[in-house]
Amino acid sequence: MRNILDLEKEELHTYLRSLGQPDYRVGQLWSGLYGSYFNRWDQFTTLPSNLRHHLEEDFSIQPFCEVTAIQTPDGFTKKMLFQLPDGNPLESVLMYSGERISICISSQSGCSVGCKFCATGKLGWKHDLSSGEILAQVLYFVRELNEDQQKITNIVIMGMGEPFLNYEQLKKAILTMNDHDGLNIGSRRITVSTIGIPEQILRFGQDFSQVNLAISLHASNNQQRDELVPINKKYPIEKILEAVRQYIAVTNRRVTFEYILIKDLNDGPEDAIRLGNLLHGLLCHVNLIPLNPTEHFHRFPPAPEAVRSFRNILIDHHVPVTIRSSKGTQIRAGCGQLAGKLS
Ligand code: SAH
Ligand code: SF4
């Protein structure tokens with residue numbers, strides 16, 4: 001059965017016309033799905049019952065089921081584990097931080113890139129999410145928050161998977177998030193994190209000049225990056241930076257580089273100097289992420305002083321930098337810890 005959330009407005013038009021329905025029904029259906037966040041067909045009371053009946057026969061409205069929710073003791077982070085109809089896992093995280101209510105959503109179940117430090121990478125590729133499956137994660141939290149009159153302030157597409165290896169579906173989903181007649185989530189409140197696929201970076205800049213872009217760099221030379229991020233052999237650092245320069249020329253937007261700090265591997269002063277020289281003068285910002293523990297990567301984060309000295313060297317190179325405090329590591333909801341199982 002098809003998932004109704006996979007259909008763009010135009011496709012809904014075609015479907016409804018095939019049933020002899022007037023065009024204004026599209027607006028009613030759309031605002032029920034994305035404005036009122038209905039997840040049962042009987043909630044669409046503006047639609048005639050024979051149409052509701054057709055919709056119910058032809059489409060599902062909930063593309064996955066909820067398996068478990070797990071929360072940190074402070075209640076600030078909550079990880080959801082869902083199951084897709086093919087049995088594969090899907091994880092999404094809700095995070096409260098000051099005024100911000102962010103959700104971190106997935107673009108794939110598993111990931112084919114296989115970064116050494118990442119639990120999702122270890123899981124391997126399972127399933128490319130459809131646009132409706134990406135959107136359903138947003139709607140899930142929107143509904144939950146709506147009950148407490150709260151709203152999502154930020155969406156990060158940084159959960160399981162590599163979004164630029166599922167670009168078409170990602171694009172469709174972001175366009176629906178942006179839609180003024182529905183979710184109406186502004187581009188500047190959305191961030192996509194990628195391992196760095198040069199041609200997709202350019203495409204993304206053309207398609208979404210206002211959506212934030214974060215690139216997982218993690219190393220300052222190819223030898224180091226080859227070790228950590230196998231896809232670097234295909235898309236080495238210089239190719240990524242070339243694409244980023246072109247992206248900035250088109251969008252004039254600041255790019256974030258994520259850099260996981262791993263003790264005795266990429267956290268020394270020489271690494272910081274090399275990174276500073278590499279990024280100096282580029283319209284960018286570095287987000288340092290002390291490594292989160294995962295089962296299969298036997299390395300550690302550096303001590304807090306080492307993290308601070310790394311940051312100071314970047315500041316000396318006039319590269320803007322922040323240190324990310326990882327949320328939800330106790331419940332394996334931190335970056336790179338999403339592996340489709342619950343501790
Ligand atoms: N595939 C995309 C998005 C998902 S990974 C990407 O790689 O950017 C989201 C973020 O988590 C990335 O910055 C990634 O590098 C980081 N991450 C992965 N494993 C991690 C770990 N063990 N500790 C800290 N961050 C990790
Ligand atoms: Fe995939 Fe990103 Fe994990 Fe690498 S870090 S394996 S690209 S999800």
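**Note on a two-domain predicted model**

1. Lys-79 has a relative accessibility of 0% and therefore counts as buried, and Glu-91, likewise at 0% relative accessibility, counts as buried too. In this predicted model, the side chains of these residues, Lys-79 and Glu-91, meet in a salt bridge with an N to O distance of 3.6 Å. Because Lys-79 belongs to strand β4 and Glu-91 to strand β5 (residues 89–97), the pair ties together parts that are 12 residues apart in sequence.

2. Lys-78, in the position before Lys-79, is buried with a relative accessible area of 15%, and Lys-78 forms a salt bridge with Glu-144 in which the closest N and O atoms are 2.9 Å apart. Glu-144 lies in helix α5 (residues 131–146) and Lys-78 in strand β4 (residues 77–83), so this pair ties together parts that are 66 residues apart in sequence. Glu-144 itself counts as partly exposed, at 22% relative accessibility.

3. Strand β4 can also be approached from Ala-69, which lies in strand β3 (residues 65–71) and is partly exposed, with a relative accessible area of 40%. Once neighbours within four places in sequence are left aside, Ala-69 is in contact with Lys-78, Lys-79 and Met-80. For Met-80, the separation from Ala-69 is 11 residues in sequence and 4.6 Å in space, taken from C-alpha to C-alpha.

4. At the level of the whole chain, the protein is divided into domain 1 (2–60) and domain 2 (65–331), and the C-alpha centres of domain 1 and domain 2 lie 33 Å apart. Their contact takes 14 residues from domain 1 and 16 residues from domain 2. Between them the domains bury about 1,200 Å², of which 57% is on carbon and sulfur atoms.

5. As for polar interactions between the domains, four salt bridges are found across the interface of domain 1 and domain 2, and eight residue pairs, both members at pLDDT 80 or more, are in polar contact. On the side of domain 1 that touches domain 2, α1 (9–18) and α2 (24–34) each supply at least two residues, and α2 gives the most, with four residues. The residues of that side divide into six nonpolar, four polar and four charged.

6. Which residues of α1 are buried? They are Leu-12, His-13, Tyr-15 and Leu-16, and these buried residues pack against α2, α3 (49–58) and β2 (59–60). In an α-helix there are 3.6 residues a turn, so residues three or four places apart point the same way. Just after α1, Gly-20 takes a positive phi of about 75°.

7. The side chain of Lys-9 meets that of Asp-179 in a salt bridge, at 3.2 Å from N to O. Lys-9 lies in helix α1 and Asp-179 in the loop between α6 (167–178) and β10 (190–194), so the pair ties together parts that are 170 residues apart in sequence. Lys-9 counts as partly exposed at 28% relative accessibility, whereas Asp-179 counts as buried at 17%.

8. Glu-11 forms a salt bridge with Lys-172, for which the closest N and O atoms are 4.0 Å apart; a reader who relies on this pair should note that the cut-off applied is 4 Å. Salt bridges that share partners join Glu-8, Glu-11 and Lys-172 into one network. By the same rule, the count of salt bridges comes to 13.

Notes
Residues numbered from 1 in each chain as written. Chains lettered and ligands numbered in written order. Predicted model: local features only at pLDDT ≥ 70, side-chain atom pairs only at ≥ 80, totals over all residues. Heavy atoms only, no water. Domains from an automatic or database assignment. Contact = heavy atoms within 4.5 Å. Buried area = accessible area lost by both parts, 1.4 Å probe. Polar contact = N/O pair within 3.5 Å; in protein donor to acceptor, adjacent residues only side chain to side chain. Nonpolar A, V, L, I, M, F, W, Y, C, P; charged D, E, K, R; others polar. Buried < 20%, exposed > 50% of the residue type's maximum accessible area, 1.4 Å probe, protein only.
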